[in-house]
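Student: Got a minute to go through this model with me? I'd like to start with one helix and work outwards.

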Amino acid sequence: ARSNMRAAKRARASRMAPAEQEAAARALVQGGRVLLLTGAGTSVAAGIPDFRSADGIFRRGARALPRGWRAEDLFRRDRFAANREPLMALVHELSALCARVTDLPSAHQLGAALHAGGQLVRWYTQNIDGLEARTGVPPSLVVPLHGMLPATGGEIGDDDLATRVADEIVFYGDDVILPDLEADLEAATVLLALGTSFKAGTAAAIAAAFPGDRILVTMGNYDLPPRRASARPDARDLVLHVDVQAFCAAAIAR
């Protein structure tokens, strides 16, 4: 019965006009306790590439891949141990792009506004660029699901930098420990997912486990993952295929 109820609520949401859906999503964000989940699409406005677009991280990294490697192999520990230069070159490139960021994207400003208003339960980010640290949100509230880009300063062959890359970036197959997740899922009333494709398993698992209202804002052809936990009876799913930064700017303006 509950699954039928949830399906009916989702069907009603899908029949709403885009403007109505967007207004409903903003209302949920502005009035709720928010679990924020951000993907690479939130940093594109700052000049930092996402992973899968035509000029994304995987395409950039592929330029220097050895024969027989796939783009995803950049973030596999066995490949890094065998040849660290492709990922190290990419780390230097991304670090240079991050250093040039002067204005934070609206998505990051929204995270800061939610914290300032006492609404931010936790900020789970798939990004490794570290822009969240510039928002004023305490580090204790930010969970970098994929690790952090280490500060560069050495050469591509620098052993110390390579060690920090191995220690601070999450590679495919690494265990991701989220000790506060269960409490966060209980405390939040709405999950706001911005600029993510949910291709990565950890982010998808968080969204699947969330029992309350879920909102995905994306420019891509993506959807929320199916729920794998008992949802609250009145829980809604809203998927907005709109500009992420524009949505966030409107939510900040209230």
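Tutor: Sure. Keep in mind that this is a predicted model. Let's start with helix H6, residues 106-116, where Ser106, Ala107, His108, Leu110, Gly111 and Leu114 are buried.

Student: What do the buried residues of H6 pack against?

Tutor: They pack against two helices and three strands: H2 and H10, plus E1 (34-38), E2 (120-125) and E4 (190-194).

Student: And which residue with a positive phi follows H6?

Tutor: That's Gly118, with phi near 75 degrees.

Student: OK, H2 and H10 came up there. At what angle do H2 and H10 pack?

Tutor: About 55 degrees, with the axes 10 Å apart; H2 covers residues 18-31 and H10 covers residues 244-253. The two helices are therefore oblique to each other.

Student: Is the crossing of H2 and H10 left-handed or right-handed?

Tutor: Right-handed.

Student: Which residues meet there, H2 against H10?

Tutor: From H2 you have Glu22, Ala25, Arg26 and Gln30, and they meet Phe247, Ala250 and Ala251 of H10. By class, that contact has 4 nonpolar, 1 polar and 2 charged residues.

Student: Switching topic: how many residues does H5 have, and how far does it reach?

Tutor: H5 runs over residues 85-99, so to speak 15 residues, and spans 21 Å from the first C-alpha to the last. That is close to the 21 Å expected at 1.5 Å a residue.

Student: Which residues of H5 are buried?

Tutor: Pro86, Leu87, Met88, Leu90, Val91, Leu94, Ser95, Leu97 and Cys98.

Student: Why would residues three or four places apart point the same way in a helix?

Tutor: Because an α-helix has 3.6 residues a turn. In H5, Leu87, Leu90, Val91 and Leu94 are among the buried ones.

Student: How does H5 pack with H7?

Tutor: H7 is residues 159-168, and its axis lies 11 Å from that of H5, at an angle of about 90 degrees. That makes H5 roughly perpendicular to H7.

Student: What's in that contact between H5 and H7?

Tutor: On the H5 side, Leu87, Met88, Val91 and His92; on the H7 side, Leu161, Ala162 and Val165. The contact divides into 6 nonpolar residues, 1 polar and no charged.

Student: Zooming out, how many helices and strands are there in the protein?

Tutor: There are 10 helices and 6 strands. Of the 254 residues, 49% are buried.

Student: And what share of the contacts join residues at least 24 apart?

Tutor: It's 62%, counting contacts between residues at least 6 apart in sequence.

How values were computed
Residues numbered from 1 in each chain as written. Predicted model: local features only at pLDDT ≥ 70, side-chain atom pairs only at ≥ 80, totals over all residues. Heavy atoms only, no water. Helix = DSSP H or I, 4+ residues; strand = E, 2+ residues; numbered from the N terminus. Expected span 1.5 Å × (residues − 1). Buried < 20%, exposed > 50% of the residue type's maximum accessible area, 1.4 Å probe, protein only. Axes fitted to C-alpha atoms, helices over the stretch in contact; angles between N-to-C directions. Parallel < 35°, antiparallel > 145°, perpendicular 65-115°, else oblique. Left-handed = near helix turned anticlockwise from the far one by under 90°. Contact = heavy atoms within 4.5 Å. Nonpolar A, V, L, I, M, F, W, Y, C, P; charged D, E, K, R; others polar.
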